[in-house]
Amino acid sequence: MVETLVRRQQSEAVRAVVDSNGIKSDNELAESTLSCLWYPGIDFPSDDRERYETEQTRSRVYVLRNLADWLYKGEPPKSLVEICSAGTTQAPLAFPETIVYSVDHDIDHFKSNTNNSLPREAFEILGRNKSLERLREGDSQAKKEKLSMVRVCLPNFRPLVADGTRLPLVENAVDIALILGQPHPKPFMEEMTRVIKPGGFIVISTEDRSRPLNASSSYDTNRFGSAYSNTSMVKEGSVVGLGLVKVTIPASLRKYEDLATYQDPSGKKFSTGFVFQVFRKKALAKK
């Protein structure tokens with residue numbers, strides 16, 4: 001009983017830190033996105049790495065919550081599976097009441113990825129700041145302790161070591177599948193479709209950091225505008241056979257494509273922001 005109470009207090013302390021330090025407006029989101037800007041040719045000094053990851057987490061938590069508000073009208077999903085994020089804790093932090101299955105093929109990613117962590121303030125509240133410092137120095141025991149602490153403070157966080165095309169989940173297991181990053185081949189989409197419930201969603205959230213300024217919208221060209229990838233988005237025709245329907249992104253989220261602008265060392269100007277694709281799994285026909 002005492003241990004359960006302590007764990008609940010730890011979890012509530014982490015939630016309070018996330019909410020108090022969270023982004024409150026789209027303007028703050030733009031500022032945060034610029035502050036953790038990365039593009040080819042930039043190497044972050046080691047002492048900037050934590051700041052970069054902190055801002056990335058803040059921005060993603062804000063964006064994920066806005067996506068959920070749109071899809072679920074203010075009620076977060078009850079269950080979520082996330083792939084291609086190397087075990088980050090951003091979705092569990094965004095949705096503390098949602099069971100989040102975070103998938104990666106290597107258990108060490110859950111231990112080593114510093115994005116798979118808690119805000120520094122949370123470690124300080126819990127009296128574990130030294131563990132975080134040892135983690136930054138590469139201490140293997142600290143990595144193990146950190147993962148243990150994350151799992152205690154985020155009871156909704158369920159790390160899964162698995163291949164994203166062969167998930168250890170039954171059919172129709174979760175409400176929503178989340179892909180953080182650029183779209184992946186058809187086998188990933190097939191597996192996401194298998195595990196989400198009828199009426200559930202597949203959400204692809206991509207940070208397009210270096211789209212040439214004034215380039216055509218990715219939503220119009222069906223290609224990401226990034227100067228260094230120019231990758232195709234998932235085409236609607238390629239997933240129709242899976243029983244998926246493309247969902248139109250509202251203007252309130254489309255505007256995130258051009259959150260802010262910047263100029264690289266060569267003088268070229270770019271915009272940075274988020275691009276989304278959402279697909280809904282058709283509901284079962286009523287008998």
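Start by selecting Asp-208 and Gly-273: Asp-208 sits opposite Gly-273 in strand 8. What you have open is a predicted model, where local features need pLDDT of at least 70, side-chain atom pairs count only at pLDDT 80 or more, and totals for chains, interfaces and linings use all residues. Residues are numbered from 1 along each chain as its sequence is written, and side-chain values use heavy atoms, with hydrogens and water left out.

Now widen the selection to strand 5 (196–212) and strand 8 (269–281). Strands here are DSSP runs of E with at least two residues, helices are runs of H or I with at least four, and both are numbered from the N terminus. The two strands run antiparallel and are joined by ten bridges; strands count as paired if DSSP finds at least two bridges between them.

Stay on strand 8 and add strand 6 (residues 244–247), which runs antiparallel to strand 8 and is joined to it by four bridges. Leu-244 is the residue to click, standing opposite Lys-281.

Next comes strand 7 (residues 260–263), which also pairs with strand 8 in the antiparallel sense, over four bridges. Pick Gln-263 and you'll find its bridge partner, Lys-269, in strand 8. Five residues lie between the strands of this hairpin, and Gly-267 takes a positive phi near 100°.

Is strand 8 largely enclosed or not? Colour by accessibility: eleven of its 13 residues are buried, so the rest of the structure largely encloses strand 8. Buried means under 20% relative accessible area, exposed over 50%, and partly exposed in between (1.4 Å probe, protein chains only).

Then bring up the largest nonpolar core, with 44 residues. Such a core is a set of buried Ala, Val, Leu, Ile, Met, Phe, Trp, Tyr and Cys residues joined through side-chain atoms within 4.5 Å. Among the members touching the most others are Trp-70, Phe-276 and Val-278. Helix 1 (2–20), helix 3 (46–72) and strand 8 are among the elements that each supply at least two residues, and helix 3 gives the largest share, eight residues.

Zoom in on Trp-70: leaving aside neighbours within four places in sequence, its contacts (heavy atoms within 4.5 Å) are Val-247, Thr-248, Ile-249, Pro-250, Leu-253 and Val-278. Apart from the largest core lies another, of 21 residues, including Ile-83 and Ala-177.

Last stop: Ser-11, in helix 1. Ser-11 is buried, at 13% relative accessible area. Not counting residues up to four places away in sequence, Ser-11 touches Cys-153 and Pro-155. Draw a C-alpha to C-alpha distance from Ser-11 to Pro-155: 7.6 Å in space, across 144 residues in sequence.
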